[in-house]
Structures are given as structure tokens and as C-alpha cells.
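Good morning, colleagues. Please look at the sequence and the structure as they appear, and I shall then speak about them.

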Amino acid sequence: MKNVELTVNGSPVSGEVESRTLLVHFLREHLRLTGTHIGCDTSQCGACVVHVNGKSVKSCTMLAVQADGAEVTTIEGLAHGEELHPMQQAFMDNHGLQCGFCTPGMIMSALDIVKRNGNELDEATVRKELEGNICRCTGYHNIVKSVQAGARAMGGES
Amino acid sequence: MTDFGIGASVKRKEDRRFLLGKGRYTDDIQPNGLTHAVFVRSPHAHAAIKQIDSSAALAAPGVIAVLTGDDLSADGIGPLICGVTVTSDDGEPHKAPAHPALAQGKVNYVGDHVAIVVAETYAQARDGAELVMVDYEVLPAVTDTATAANPGQQQIHEVAPDNVCFNWPFGDKEGVEAAFASAHKVSSLDLVNNRMVTNAMEPRAALGEYNAGTEEITLHVTTQNPHVHRLVMSAFNQLAPEHKLRVVGPDVGGGFGVKIFVYAEELVVGWACRKLNRPIKWTAERTEAFLADAHGRDHVSKAEMAMDENGRFLAMRVHTRANLGAYLSTFGTMVPSYLYAFLLAGQYATPLIYSEVKAVFTNTAPVDACRGAGRPEATFLVERLVDVCAADMGMDPAEIRRINFIPVDAFPYQTPVVQCYDSGDYNAALNKALELAGYADFPARAEAAAVRGKCRGIGISSYVEACGMAPSAAVGQLGGGVGLWESAQVRFNPTGNVQVFTGTHSHGQGHETTFAQLVCDQLGVPIDNIEVIHGDTAKTQFGMGTYGSRSLAVGGVAIAKACDKLIAKGKKIAAHALEAAEGDIEFADGSFSVAGTDKAMGIGEVAFNAYVPHSYPERLEPGFDENAFFDPTNFSFPAGTHICEVEVDPETGEVDIIKYSAVDDFGRLINPMIVAGQVHGGIAHGVGQALLEACRYDSDGQLITASYMDYTMPRADNLPSFDLDYAPTHPPDNPLGVKGCGEAGAIGAPPAVINAIANALDVKHIEMPATPETVWRAAQTAARA
């Protein structure tokens, strides 16, 4: 067992984990942050995307011990109090979610897309950038609209 | 229309919890003392089990138990069932081999359940499962749909000679043969409907908890129909009496059919949690989902159409082999029979139809409903055949459809294949779709593409489907074991807010919003004061669940009926309070008023009076809380025309969808935003089937597409944005005037896409999925011809 200490959503956390424990299991089972989901076992679906030191990471592909000392942000860390993050709000306004299972990963990826591509995103860019996130419900139509609207709403924020 | 009533695109009430990461899916629940389960699965497609040695596993750290089929049968837990009987051509019911939840001496597909290992942690359960030694005697496997029933094939089940489950002829064989004999032209097509893995994004999971004090099992499970799970597990599997079994489908991450069925894992977890008196959770890995979720489709067919000299359809003949997998899943028999052959009329007035379906067993995962269930198979066959007919007659695909459509004045229309279509204006939808798609200008676009070395194609699909399942009597006549009504309870609390309990289940469809809109509209209660509750057998009286696009068309009507009862009771209460005759009370916009006066009281005040009945009508029961059940008198028949335009690169075989236009008839829309979302998702599912998704077993029965590395799910960059419009008609059989919308896209899309590619390459047919390799080969062959 190893001890890991990291910052999750701004709060310091620590835990004893097996060397083989994945970051996603540490978040879900040790910290009970179950907003980050597991949709596959081959790092394809993107339901588990979180930010590690500001970069989007599939948390099923990273060991918890690799995140030792890191700053991690999950879907639970985005809202400001009662107020949804502009990207979360954009998903609500544009019906960018149905069953909600892929949604946390979509939003965490979307924030990374905005960070790298800016606030004015064309449809082709969003579609290409979302290739690491699978959704079975929406046909992506409204997810693409949501990401574009969320990016605009974020203005100069990122 | 109010801002939050019927017809308004109200933002979804359920979204906030999902957006905040506060959804509560089965795998999110972690009770104290939780143990974890991993299933030992067969690595072979067909094998006898000589011995199972659990000793090493039991000695491993943290392992609590290893349980096998012997333990299960010793405790009297019955086999899994199939709920619909199909009568074969010999007059006998379909062949139903025993389907044990844990193998009894034999395994019949890769992924078949052999044992459950329960341990303190998930990792320990996995380690333990690897230590269970199973001695197999491997047998030859049968996997191919077309040849599974051929003489000399390996037999899978003793009770099913030649691996045939049923051979089901249906329709007027002699009439059809006579029409073919005298036809001006016969068009025919051999085609495959490719096997799919449904792939809801949340993998299946089950969490069993046993309370030794109350002797009650609580099973949280990824289900679309919790009450049906409870009923089947109680009545047929002897897991526990219904009143001692609570089934909860909490937030469920997509269904598309795959979470309808009662599976081995959830039954075994329910049984084991009581046996071990510990909470047990099992969550599928994606690979397990590929191996052991029920798959969809998998037909091999020959379709023929007889026409007169004007291209009018005289008769259709269909022969289909349908793969049911190794065992019968819960509704496996119904999909390639009643849900398939009864839709073979499509939108056309074809007077004579005959079909023969031979359903076969193979050493593959069980096959059952997947978004559309039988209707995509029927629609793909009909709409591809119609395009072949058009080509054979030298007619425009739009024109041959138009002259064969059931005319608008013929509704309700009795087809020759059981169904009586409720309403439709197929020409209106076609015309609107042609306009939306810019059909008239297509030749210019094709020419411009040709200059760039690209092949443009345009494809039409005019589909109709039967959903809103279903009239219970009709289901019973067909051999179904259940009634398919729906129930609702609408309960006012004394402070005036409303709780709506529905027997349907939402796993992405937005019922918490749509149903709240219904109640808001009917009772005049602000939508924020309405909560829709579903998915828990301890809360809702009963329900048949959500599948077959039934929730609004059946469940919504039950809610409306419960609201009617509240209004009727409210009139009595208001009449007493307002000192008027009950017959003089009118109800509108949340207010009971005395006709012709300004005397009125709000429904909230009426509710309060009902709970604090100090001055109250004599002999009237207190309380403001009504139940209703609704059993529909007919199915619901959504229809529409979808048009796909593609550009094919003949050098690479890549297909680019340039434009996808859909015009649908869903009757009255309650929440257009949600309806459009359902259509988008359905189209993407259908495009996935047409272009990308192939579930393949090798000849040994190994699933060679068992992960997202091998099975191609549609991703954002495979799809365009979609252009949607509606051509609604009024279905007279539905009290709300609504039709189902959840499956339409998956039904309409595959032939639209394939017709477009066939048009682009000027070939008769191309099999799904039309991958670049398949398309490239077709393009090369076409170029040489």
C-alpha cells in the first residue's frame, strides 16, 4: 500500500492505495466523487475525463500513485456554489445531455478544448476534438452546440 | 401554450444533478460492508464442464465465496425465462432450452456465466476469479446465422433439432405466389442486417442488499423496467416473494433495449447477497458488456416484390433467418417475429405479404431488442427493396414510393400483416423531406462533386413503426406473458406541490420534464412544484417500464387520467367550499370557479381542504391523490421520411454524410427540444449501424469485436448536424394525440444511408456496415463493370 496526497477540487486529500489502484477508482471509491464515470476498459469512451494539473486526462489510464502531489479537478469542482459553470449551463440550455453518463467527461473535455482552441469554436473543430468521448444518446448534435455555446459564454475566462 | 406546458421546449429538470456530477447510478452506491463480485465466464463458445475447482480461489486473500450452478439449483433458483411464445409451423411452441443463470455442466457462448466470486474488494474478486479452475471439454461451435440450421451442423441444445428455435410462416402464401406468377416484374434482393452491440454508455450493474430483520432483498440494478424485473425474479426465478423484493433502477445511463432483460448477473447477485448476508455489487466491464449483454439484429434475408407495369406493388415475399444466440433472452423470440413481420407493409398499400422466419440458435450471446427491435430490420429490408424496385422499373425512388403509399384518406388503415395504422400522411412527410433535402437540386450537386472526383448519392427512407406497446389483449393473443398497460399516481401534498409516480422509467428520455409539463398543463400547477418519481418498486404501485417508445403514449396517458380524477374530485370539494352545485364548477388554469361568477378557488387550496377536511363534502374521502391505469387500444405508428446525402471518395471508400434531413410524424409534441434530441440520437444509432458497427464472431465463436478498439461506435466526427422537421397527424386512438419518438431515428436511418451510398456508386446493394473497405471494393467493382 502507498500513501498518496493530492489536491482535489481545491481541497487536500490523502489515502492509502494499492499500487495498481487507478486514479478513477481512487476518486470514486476512496473520495466518493462518483461524478467521474467508467464507461469502458480501453481508454476509449472518455466518461472518466478529469483535469490533472490543468490538463484533461482519462483517469482510467492513470494510477492513483501517479497523481501523487497533483492538482485534480473533477466535474464536482466546476460550479461556483449554486451557480453552474458556464459550460455546465450551456449543456443544460442546449439539451447537451440525456442519460447523463458521458456528460461529466464531455464537459471536462470541452473545457480542455476551449483552453487549447479559444472561445470561438467552429463545428468541425469541436467534432474533431470530441473524438475521445463517446455518447450513445444525443447523436452529438446538441453536445456540439453546447460546447460552442459554453466556449462563447466563458468569454476570456480561460 | 404556456411557457412550461404542452408544446414548450422546457429545459430539463433532471439536468442539474447530472451536470454537477450528482447523478446516482447503480455503481455509485457504496453501502457499508460492501463486497464485490466478479463472474467467471466461459472462454469457449461451446464446451462441456468436466469439473470446477474453487479451492485456490477460496484460499486467496479476501475471497468470501465462490458459487456455481450447483449452489444455485440447490437453492431452487430457477432458470431465466423468455416471455413470449411463437408457434412454429409444426403447431408446437418455439423450442425453449433451459437457460440457467450459472452453467449446469455446459457452456454455450463465450462469456457464459460459470461461477460468481465474491470478495472484500473488487481487485480481490478479480484475482479470485482467475484462480477458479474450470476443466472444459471443448465442442465445435456454430456461429453463422445463415448456416446454423444446415444438416450436419453441431447441435447446441438437445431440445432444438437442427438448432432451430422456430420456423414461423406468416401471411397469405398462396395469394402471394399467385401474384408473383402473374406479375409484370419481380425485383429481389438478398441482404444482411448486421449484428449490433447496443452499448448504452453505463455498463450493466447490480447491487444486492439483504435485510435479515425484514427478510427483504433490495436490488439496485441498471434496468428499464424495475417492476418487470421484480415480477420475473419472484414468479419465475423464485428469488423472493414480490413483497420481499424491492427493485430499484436509480439513474440509469442509457438503455436502448439492453437493460429491459432479466440477466443472470442480477439474479445471481440478488440470491448471493441473501446467502452470504452481505451487500454485493457487480459492475460489468465494457468487455463483459460486449460478451454478455444481449445483442441486436443479425438477420439474413431474401426479399422479393411483385409489381405491375406501373411499378405498383402487388405482393411481397420475405425469407429471413434470425440469430437468437445461445439462449432465449427475455423477449428474444418476439423481436424477429411480431416486431418484424408485422411491419413488412411499411408505408405501402401492398395488398399481399408473406414471410417466413426461421430463428436459429448459435454459440453466440443471446440476441434481443436493440433500439427499434425488429422494426429496423423490417424497414431496412422494405426500403432497400423499394429502391431496387425503382431501379428495375426505371423510376425515381421518390416517385415509386409516392404511387405506392397508403393514401391519406385510407386511415385508419388495416395492413395485410395484423397492424391497423392509426394515422398518417406519408406524402406530406415525403414532400417536406424532399424540400428540406434540396432533392430537386441534387443532380447539380452530384455533377459538381464528380468534377472533384467524388461520387454523390442521395437516399430516401420512408419508414413506419409500431410502438407505444401495447394493447394487453393483443399482446396476450400473440403469446406474450404480460399486460402492457401503464400506471400513474398523481399526489398533491397538503402544501400544494405535486408528486407524480409513473411506472415508466427514464434513462435519458427526460420524463421528469415531459411528464411535469403534462401535469403543469392539465392542473395549472407551476412546473417547479411538480416532481416526477420513477424507478423504484417501493414507490410506484406497478409499471411495465420504458421500451418500445411507450412512455408518453401509454404512461403519459395514465398520468393524464389520474389528473382527470383529481379534477373531478376537486370539483366536489370546490362546490362545497364555494356553496355551488358541482355541475356549475369549471376548472381551468389551476382554478375551480363557479360558472358565470367570480367565485373561485385554486387547486392548491382544494388540495389543502382535502387534507384538512374541516368543512368538507359529506361522505367524500379525504386526500388529494389519485391512481390511474391506461391500457391502449392500439399501438402507436410514428412515420416519416429521412433523406441522406453522402459523398463517397472512390479512391478510399470513405463516406461523408453531407446532409441528413428527417421529417417525422410523432403526433403532438409535448417538449420539442426533447423530441429532437431523441431523433438525433436515433439517427446516430442508425448511421452507426449503416457505416460503422459490426459485431463479429469468428468460426470458433470468439467475439473478435469485444472492445471499443474493435467495435466502432459513432463519434462526433463521424456525423453531421441533422436537419429536422415534422409532418404531424392526429392519432385518433391516443387520448393525448401523441406517438412514440425514441426509436424512429434508428429505424429510419440505415436504409437512408445505404440507399444514398448505392445511389452514389450506382450499385444494387451494399452490406452494412458500409466501411471504407466495403465501399472501396464496391466502387472498384462498379468502375470495372
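Five salt bridges are found by the rule across the interface of chain A and chain B, a salt bridge being a side-chain nitrogen of Lys or Arg within 4 Å of a carboxyl oxygen of Asp or Glu. One of the salt bridges joins the side chains of A:Arg136 and B:Glu693, at 2.7 Å from N to O.

This is a predicted model, in which local features need pLDDT of at least 70 and side-chain atom pairs count only at pLDDT 80 or more, while totals for chains, interfaces and linings use all residues. Residues are numbered from 1 along each chain as its sequence is written, chains are lettered from A and ligands numbered from 1 in the order in which they are written, and side-chain values use heavy atoms, with hydrogens and water left out.

In the interface, 48 residues of chain A are in contact with 55 residues of chain B, where contact means heavy atoms within 4.5 Å. Between them, the two chains bury about 4400 Å², with 54% of it on carbon and sulfur atoms; buried area is the accessible area (1.4 Å probe) that two parts lose on being put together, summed over both.

Within chain B, I turn to helix α10 (residues 375-393) and helix α11 (residues 397-404), which pack at an angle of about 110 degrees with their axes 9 Å apart. Helices are DSSP runs of H or I, at least four residues, numbered from the N terminus. Axes are lines fitted to C-alpha atoms over the stretch in contact, and angles run from 0 to 180 degrees between N-to-C directions. α10(B) and α11(B) are therefore roughly perpendicular to each other, the term for angles of 65 to 115 degrees. Among the residues that make this contact are B:Glu383 and B:Val386 of α10(B) and B:Ile400 and B:Arg401 of α11(B).

Methods. Helix = DSSP H or I, 4+ residues; strand = E, 2+ residues; numbered from the N terminus. Parallel < 35°, antiparallel > 145°, perpendicular 65-115°, else oblique.
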